[in-house]
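Grab your viewer and work through a few exercises. Try each task yourself before you read its solution.

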Amino acid sequence: MMHLPVYVSAIIAFVLLAAGSLVLPDWAMFLFAMALAKGLVCLGIVGMMRGGVVSFGQGLYYCLGAYTATLVANSFGVSDIFLLTLISAAVCLAVGLVFGPLLSSYRGIFFAMLSLALSMVLYGTLSKMSFIGGTDGLNIGAPTFLGWAPEGRPLQTALYIYVVAIVVIAGALMRIYFDSEQGLITLAMRDNELRVEYLGASVRHVMTYNYVFGALLGGIGGTIAVLALGHVDPEFAFWTTSGEFVFVAILAGYLSVPAVFVAAIILELVRSFSNLYFPNTWQLALGIFLLIVIVALPGGLGSLIKRSKETDT
Amino acid sequence: MSTGLLEVRDVQKSFGAVTAAKDISVSVPKGAVYSLIGTNGAGKTTFVNMVTGYIKPDSGVINFGGQNIAGLAPRQITRLGIHRSFQIAQLCNELTVEENMLVAGAIHGTTKPSFLRPAHDKSARERAIATLERFNIAEHRNRLIPELSGGVKKLLDIAMAMAGETQIMLLDEPTSGVAADEKFPIMDLVINALKAEGVTVIFVEHDMDIVTRYSERVLAFYDGQIIADDAPDEVLSDPEVQRYVTGGPA
């Protein structure tokens, strides 16, 4: 059966992560849910990194997904988490399909800055739109699950399991994509675009696919984050938010999908505990941590997994 | 009336004040082996680049299979069956030899590259290894590109270009950067493999022994023009070619 190891790994990951809801306290479940939601956004960046570009503006889709869900919920009374995710994903997909072909001609710093510029345009626009909260943002009510409206601990648990399910499905699909023919062409493109063009493939098309997948994942991540937080504001599109996503992507590297979520969880843990114990210097701790990873593991945390597999064989 | 598989008519190309191609006209029949000779800057690579879409000619027609391909993108020209290798082998350094071949196989496959089908699929790997074996480089399949010799890199570059349905293969200096004792074995291998598939070959070469041994017809370039177009012996004994290209009798 094609992709059997991926399916088996996905099922095991789902069971293990979902079992966490039985033992984790509320605060940890919230922290993990947020980390996994952000991990989805970072997975989109990793997809682009495999093709040799890094988006510094993934906050655009994180914010767009969050605002879409909030506006749909507040304007039309939609509270179903599945429907909200679907609508936000569709909007981000559409926007990705507009910007993807435009950005696919650019590389390196130009791609990074253009993607950042787009997210900052959204940030500036949302900040000035007082009818949707301006810089204060908007609140969103608790989601329902196909008509079921849990509260308190059951709500936290349901939301957490929903995030885990989405993460496992998205992670498995991205793994299948990374291992596919198109995935290998993306890696080849990172190395030598000229060769890929002269073999008969369109580098721009491959770039566009990766960007659109990134947009989709960013939108879903933003939707989950706003439902967990209950609030969205333009900071979702601010450059520091996008910078965090890049931080996680670099920390994870482009070799492994689970590494992205591990890196996202590490970032949330380091930030939360550093913020608690040394609130004025936690960014310093984060910077030192990233420095150590870059020096010791230039391929990111994912290279550890690859290395251990190579040792096994 | 045109009879060649590739018909180049009155092609011109200038880079600012420098004219790299002046009224180039060539007819290459199917299955022929042509070589392009000339000093550096004579216009050989410009010719190859125009035929393969890297450079758009200022004027003129490049007909292939009844279609004017002048100005098409490289990938569109490749899809039509005109493939090329490079003076400096263009490979993906972070991938293994087999993975490089898998990339070529995925792009040249009978169906579009898939988002789901594994690149390392058993049948894809078998096809990749079969092509590597045809070029005698299968033993290197698990090695990364920087670990390979110049000769193996060249062969892989050509093998990748051959993964599709090639009708014309343009080889830009296939033996440059290759050890002297490897040149003839490599050319034997390449030309035999291409001829076996009925591929028309056009190669750029500076080594006149290779030109004489492998080509059926030679185009001598000088200052952006073709100054001789004939059988190797005729071209190499042409006084103008000796004066401007070879620097003496071959």
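Below are six exercises on this model, each with a worked solution.

This is a predicted model, in which local features need pLDDT of at least 70 and side-chain atom pairs count only at pLDDT 80 or more, while totals for chains, interfaces and linings use all residues. Residues are numbered from 1 along each chain as its sequence is written, and chains are lettered from A and ligands numbered from 1 in the order in which they are written.

**Exercise 1. Domains**

Work out how chain B is divided into domains, and what the contact between them takes from each.

Solution. Start with the bounds, which come from an automatic or database domain assignment. Domain 1 of chain B takes in 1–81 + 168–175 + 200–250, and domain 2 covers 86–164. Next, get the C-alpha centres of the two domains of chain B: they're 27 Å apart. Now count contacts, where two residues qualify if their C-beta atoms, placed from the backbone, lie within 7 Å. Five residues from domain 1 of chain B and five from domain 2 take part. Finally, sort the domain 1 side of chain B by class: three are nonpolar, two are charged and none is polar. (Nonpolar means Ala, Val, Leu, Ile, Met, Phe, Trp, Tyr, Cys and Pro; charged means Asp, Glu, Lys and Arg; the others, Gly among them, are polar.)

**Exercise 2. Strand 3 and its partners**

Find out which strands pair with strand 3 of chain B, and in which sense.

Solution. First, the terms: helices (H or I, at least four residues) and strands (E, at least two) are DSSP runs numbered from the N terminus, and two strands pair if DSSP finds at least two bridges between them. Strand 3 (residues 33–37) of chain B has four bridges to strand 8 (residues 200–204), running parallel. Four bridges also link strand 3 of chain B to strand 9 (residues 217–222), again in the parallel sense. B:Leu36 makes a handy checkpoint: its partner in strand 8 is B:Val204, and its partner in strand 9 is B:Leu219.

Now check burial. A residue is buried if 20 or more other C-beta atoms lie within 10 Å of its own, exposed if 12 or fewer, and partly exposed in between, with C-beta atoms placed from the backbone. Four of the five residues of strand 3 of chain B are buried, so the strand is largely enclosed by the rest of the structure.

**Exercise 3. An antiparallel sheet**

Give the strand order of the four-stranded open sheet in chain B and name its edges.

Solution. Follow the pairings and you get 2-1-4-5, with antiparallel pairing. The edges are strand 2 and strand 5 (67–68) of chain B, since each pairs on one side only. Zoom in on strand 1 (residues 6–15) and strand 2 of chain B: seven bridges join them. One to look up is B:Val8, whose partner in strand 2 is B:Val26.

**Exercise 4. The two sides of helix 4**

Which residues of helix 4 of chain B are buried, and which are exposed?

Solution. Begin with the geometry. Helix 4 (residues 122–134) of chain B has 13 residues and reaches 18 Å from first C-alpha to last, close to the 18 Å expected at 1.5 Å a residue (the expected span is 1.5 Å times one less than the number of residues). The buried residues in helix 4 of chain B are B:Ala124, B:Ala128, B:Thr131 and B:Leu132. They sit on the same side of helix 4 of chain B because they cover an arc of only 100° around the axis, going by the directions from the helix axis to the C-beta atoms. On the other side, B:Lys122, B:Ser123, B:Glu126 and B:Ala130 are exposed. What do the buried ones pack against? Helix 3 (97–108) and helix 5 (150–161) of chain B.

**Exercise 5. Positive phi**

Compare where B:Asp23 and B:Glu173 are found, and decide whether each is buried or partly exposed.

Solution. B:Asp23 isn't a glycine, yet its phi is positive, about 45°. B:Asp23 belongs to strand 2 (residues 18–28) of chain B, and it counts as partly exposed because it has 14 C-beta neighbours inside 10 Å. B:Glu173, also not a glycine, has a positive phi of about 50°. B:Glu173 lies in the loop between strand 7 (168–172) and helix 6 (180–196) of chain B, and is buried, with 21 other C-beta atoms within 10 Å.

**Exercise 6. The chain interface**

Which helix of chain B supplies the largest share of the side that touches chain A?

Solution. The contact takes 27 residues from chain B and 22 from chain A. Helix 3 of chain B gives the largest share of the chain B side, seven residues. By class, that side has 15 nonpolar, six polar and six charged residues.
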